Amino acid sequence: MSPSINPRVHEIAISGIRQFANQLVHYPDAVNLTIGQPDFPTPDNVKQAAISAIENDLTGYSHNAGLIDLRNAVSKFFYGTYNLTYNAETDIIITIGASEAIDTTFRAILEPGDEVILPAPFYTGYEPIIKLLGCTPVYLNTSDTGFVPDPKRLEALINENTKAILFNFPSNPTGVTIEKEQMDALEQVLAQKDVFIVSDEIYSLNTFEGTHTPFASYPSLKDKTFTIHGLSKSHSMTGWRIGFLMGPTDVMKHCIKIHQYNAVCASLPSQYAAIEALTNGRDNPAKMNEHYINRRDYLLERLHAMGLPVEIPKGAFYLFPSIQHLGMTSFEFCTKLLQDGGVACVPGSAFSSYGEGFIRISYAYKMDTLIEGMDRMDKFLQSLNNTRNVESV
Ligand SMILES: Cc1ncc(COP(=O)(O)O)c(C=O)c1O
């Protein structure tokens, strides 16, 4: 006899991105376009800050919420960049990546039976936490509205069980950003409702066109919005595990307890690196963005030439082309593309049922890799078309 585990764990699965990436070991020559991790090294000055912290034996615990110097740097950064005011003493927690910030927020606000609205398709890191807490994810279809939530649809989904709505702009998996007027229309709905907003803005510094507006910048929303951020993407620091959770003071005093018992604090050398990233490393994201923009434009041209319809993304580092016209599920398409074409992309269905009919291509890869990937995909699609033409004769 073995003791039983939490039955909710059975309801969650390994992320669809990982499931697909795991197949790659069987295809060692495949071009891998599945991973959402910047291909650049962490900037030298940032690395040096951590090295000198280690050399100076700054390797212990910090305050649970993080070094006050780092929280001050975060506060200054968000004020300077987005005109957002977060008090370093009370409103900011340094977390173990944005992942822990998402987990802490949901654990602080959700009770079993609550509903959380997720504009879909969405990043794979939200739904499992919601389910583990005995809550229900409610999908808001954005696949036919340019991957931006329609305010009327949103309003129709809000009921007395709705506890929170999650937003993620710029978006993983679509790369889509949201215009100020579109946010204004959502704000009109949200301001009237008694719901929390969880806004994952981890890609905000990877905005290529227009300006990023945080949800918390609306005075009507500030007191019910949690802003999730971090340095994983903007400064190519995925392995350093530094995230930021910012929110209303009266709930943050509870979030700190969850963080304390779960993590104690973020890694101290990483926190020193983070101070450097937010002070002297402010230009780093813009330098990386120049590369991302070139890569995006190259891929858009290639995908158009292949006849794959795609929204023009203005941020993050993903493209989400449609494969609906090919008459296969995204999983079938990606499996065939990997087996016969030697290219790995993520099936859109990994990002909910509303991602079906799309595939995610990451361009956090060197140009040579992208060129080879597109050459192979082009060849694969041509052979697919030839087979279909022969079959239809
Ligand atoms: C939208 C989004 N949020 C959060 C995360 C997790 O970030 P971190 O590595 O800082 O935990 C990712 C990582 O891919 C992401 O794409």
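Me: In this predicted model, how far does a polar side-chain atom of Asn 172 lie from an oxygen atom of the ligand?
Reply: The model is predicted, so treat the distance as computed. A polar contact here needs a pair of N or O atoms within 3.5 Å. The pair made by the side chain of Asn 172 and a ligand oxygen sits at 2.8 Å.

Me: And which residue has an N or O atom in its side chain 2.8 Å from an oxygen atom of the ligand, besides Asn 172?
Reply: Look for another side chain reaching a ligand oxygen, with the pair within 3.5 Å. The residue with an N or O side-chain atom at 2.8 Å from a ligand oxygen is Tyr 203.

Me: What's the distance from a polar side-chain atom of Lys 233 to an oxygen atom of the ligand?
Reply: Lys 233 is listed among the closest residues around the ligand, along with Ala 98, Ser 99, Asp 200 and Ser 232. Its polar side-chain atom comes to a ligand oxygen at 2.6 Å.

Me: How much of the ligand does the protein bury?
Reply: Start with the ligand taken alone, which exposes 400 Å². The share of that area buried by the protein is 92%.

Me: How many residues surround the ligand, and which helix gives the most to that shell?
Reply: The shell holds 13 residues. By class they split into five nonpolar, five polar and three charged. Three residues of the shell come from one helix, spanning residues 97-109, and that top contributor is α4.

Me: Where does the ligand sit, and what is the volume of that space?
Reply: The space taken by the ligand is the largest pocket. Its lining counts 24 residues, and those closest to the centre are Gly 36, Tyr 123, Asn 172, Tyr 203 and Lys 233. The volume of this pocket is about 500 Å³.

Me: Which element gives the largest share of the lining of the largest pocket?
Reply: Two elements give two or more residues to this lining, α1 (16-22) and α4. By class, the lining has nine nonpolar, ten polar and five charged residues. The largest share, three residues, comes from α4.

Me: How many charged residues are in the lining of the largest cavity?
Reply: A search of the whole structure turns up one cavity of 30 Å³ or more, and the volume of the largest is about 130 Å³. Its lining has 16 residues, with Pro 119, Pro 121, Asn 168, Phe 169 and Ser 171 nearest the centre. Strands β3 (115-120) and β5 (162-167) each supply at least two of the lining residues. Sorted by class, that lining has eleven nonpolar residues, five polar ones and, for charged, the count is no residues.

Me: Which loop holds Pro 170 and Pro 173, and what sort of peptide bond comes before each?
Reply: Pro 170 lies in the loop between β5 and α7 (180-190), and Pro 173 is found there too, between β5 and α7. Most peptide bonds are trans. The bond joining Phe 169 to Pro 170 has omega of about -10°, and the one joining Asn 172 to Pro 173 has omega of about 25°. Both of these bonds are cis.

Me: What about Asn 83: is its phi positive or negative?
Reply: Asn 83 has its place in the loop between α3 (68-82) and β2 (92-95). Most residues other than glycine have a negative phi. Asn 83 is not a glycine, yet its phi is near 60°, which is positive.

Notes: Residues are numbered from 1 along each chain as its sequence is written. This is a predicted model: local features need pLDDT of at least 70, side-chain atom pairs count only at pLDDT 80 or more; totals for chains, interfaces and linings use all residues. Side-chain values use heavy atoms; hydrogens and water are left out. A residue is near a molecule or strand if one of its heavy atoms lies within 4 Å of it. A polar contact is a pair of N or O atoms within 3.5 Å; within protein, one must be able to donate a hydrogen and the other to accept it, and residues adjacent in sequence count only if both atoms are side-chain atoms. Accessible areas come from the Shrake-Rupley method with a 1.4 Å probe; for residues, only the protein chains shown count as cover. On a 1 Å grid over the protein atoms alone, a cavity is a set of points where a 1.4 Å probe fits but cannot get out, and a pocket is an open set with protein on both sides within 12 Å along at least five of seven lines; lining residues have an atom within 4 Å of a point. A molecule sits in a cavity or pocket if more than half of its atoms lie within 2 Å of its grid points. Helices (H or I, at least four residues) and strands (E, at least two) are DSSP runs, numbered from the N terminus. Ala, Val, Leu, Ile, Met, Phe, Trp, Tyr, Cys and Pro count as nonpolar, Asp, Glu, Lys and Arg as charged, and the others, Gly among them, as polar. Grid points are joined across faces, edges and corners, and a volume is the space filled by probe spheres set on the points.
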